[in-house]
Amino acid sequence: DAEKLAEERVPVTYQGMSSSAVLTVTDVVTLVGLTITPANPASILVGATQRFQADAVFSDGSTSSVTGTASWTSSDANVASIANGGGGGGGAAGRATGITAGSAIITATYNGFSASVTLTVRSPVATGLLVTPTSASVELNRTQQFTALLAFDDGTTQTVTNNASWTTSNGAIASISTGGGGPGGGGGRGLATGLSAGTVTV
């Protein structure tokens, strides 16, 4: 609300009769600043998004969202892109997308005022190794192909069968190939062969 500067009662008289009205004079509310939230965003993964909001700050202490009308820029579009609200796409304004690992400064500009935050984009981090199938049974002299998958914190996996080192807990029961240019040029790794009855851990 506008700040009240003065309040004056204005008297009126006519043919011996009188009345009055109250006239309130208020200050003109002006734009004094711009803020972006979140001010300290958490890092995002490559391909993930982060929504930002721009708020205009006025002289009476009030704020108003200007996310869709502010101009948004990224200091490094190769690291993170940022959507603007032009062309009827106001709903996407302020949405940053991680492109490659690194940091970019996201800036919003509105009516001569600017605000900036730093956005960090990171690559997925490996969290563990999985072997599939987790259990298998083969006859003597038969083979079973195992696959090694590297799991990441974004829920994705990467096949590393031909880069992993393979062993079995008992080479007399089952052997497992560790390379050597198998069929198709895949390296031939992860292929177990049953040699005698028993159970081993791969």
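**Figure 1. Asn 141 in the loop between β13 and β14 of the predicted model.** At 62% relative accessibility, Asn 141 counts as exposed, because the class begins over 50%. The backbone of Asn 141 has a phi near 70 degrees, which is a positive value in a residue other than glycine. The loop that holds Asn 141 runs between β13 and β14, and Pro 133 is found in that loop too.

**Figure 2. Asn 111 in the loop between β11 and β12.** Here a residue other than glycine again has a positive phi, which for Asn 111 is near 50 degrees. Asn 111 is exposed, with a relative accessible area of 60%, and its place is in the loop between β11 and β12, two strands that run antiparallel and are joined by 9 bridges.

**Figure 3. The open sheet that contains β11 and β12.** This sheet has 4 strands in the order β4-β12-β11-β8, and its pairing is mixed. The edges are formed by β4 (44-45) and β8 (71-74), each of which has a single partner strand, so that one side of each is left without a neighbour in the sheet. Between β11 and β12, which run antiparallel, there are 9 bridges; within this part of the sheet, Ser 103 stands opposite Thr 120 in β12. As background, strands of a sheet pair through backbone hydrogen bonds, in either a parallel or an antiparallel manner.

**Figure 4. The largest nonpolar core, with Ile 36 and its contacts.** The core has 22 residues, and those touching the most other members are Ile 36, Phe 52, Ala 54, Trp 72, Ile 106, Ala 108 and Leu 119. Two or more residues of this core come from each of β3 (31-37), β6 (53-58), β9 (80-82), β11 (102-110) and β12 (113-122), and β12 gives the most, with 4 residues. Once the neighbours within four places in sequence are left aside, Ile 36 is in contact with Phe 52, Gln 53, Trp 72, Ile 106, Thr 107, Ala 108, Ala 115, Ser 116 and Val 117. A second core, separate from this one, consists of 7 residues, among them Phe 146, Val 160, Ala 164 and Trp 166.

**Figure 5. Asp 55, a buried acidic residue in strand β6.** Asp 55 is buried yet has no salt bridge, and the nearest side chain of opposite charge, that of Arg 51, is 12 Å away; this separation does not qualify because a salt bridge requires a side-chain nitrogen of Lys or Arg within 4 Å of a carboxyl oxygen. The side chain of Asp 55 does make a polar contact of 2.9 Å with the side chain of Gln 53, and a polar atom of the Asp 55 side chain lies 3.5 Å from the backbone nitrogen of Ser 65. When residues up to four places away in sequence are not counted, Asp 55 touches Gly 33, Leu 34, Thr 35, Thr 37, Ser 64, Ser 65 and Val 66.

**Figure 6. Two cis peptide bonds, at Pro 38 and at Pro 133.** Thr 37, which is one of the residues touched by Asp 55, is joined to Pro 38 by a cis peptide bond whose omega is about -5 degrees. The place of Pro 38 is in the loop between β3 and β4. A cis peptide bond also joins Thr 132 and Pro 133, where omega is about -5 degrees, and Pro 133 is found in the loop between β13 (126-132) and β14 (143-145).

Conventions
Residues are numbered from 1 along each chain as its sequence is written. This is a predicted model: local features need pLDDT of at least 70, side-chain atom pairs count only at pLDDT 80 or more; totals for chains, interfaces and linings use all residues. Side-chain values use heavy atoms; hydrogens and water are left out. A nonpolar core is a set of buried Ala, Val, Leu, Ile, Met, Phe, Trp, Tyr and Cys residues joined through side-chain atoms within 4.5 Å. Buried means under 20% relative accessible area, exposed over 50%, partly exposed in between (1.4 Å probe, protein chains only). Contact means heavy atoms within 4.5 Å. Two strands pair if DSSP finds at least two bridges between them. Lys and Arg count as positive and Asp and Glu as negative; His and the chain ends are not counted. A polar contact is a pair of N or O atoms within 3.5 Å; within protein, one must be able to donate a hydrogen and the other to accept it, and residues adjacent in sequence count only if both atoms are side-chain atoms.
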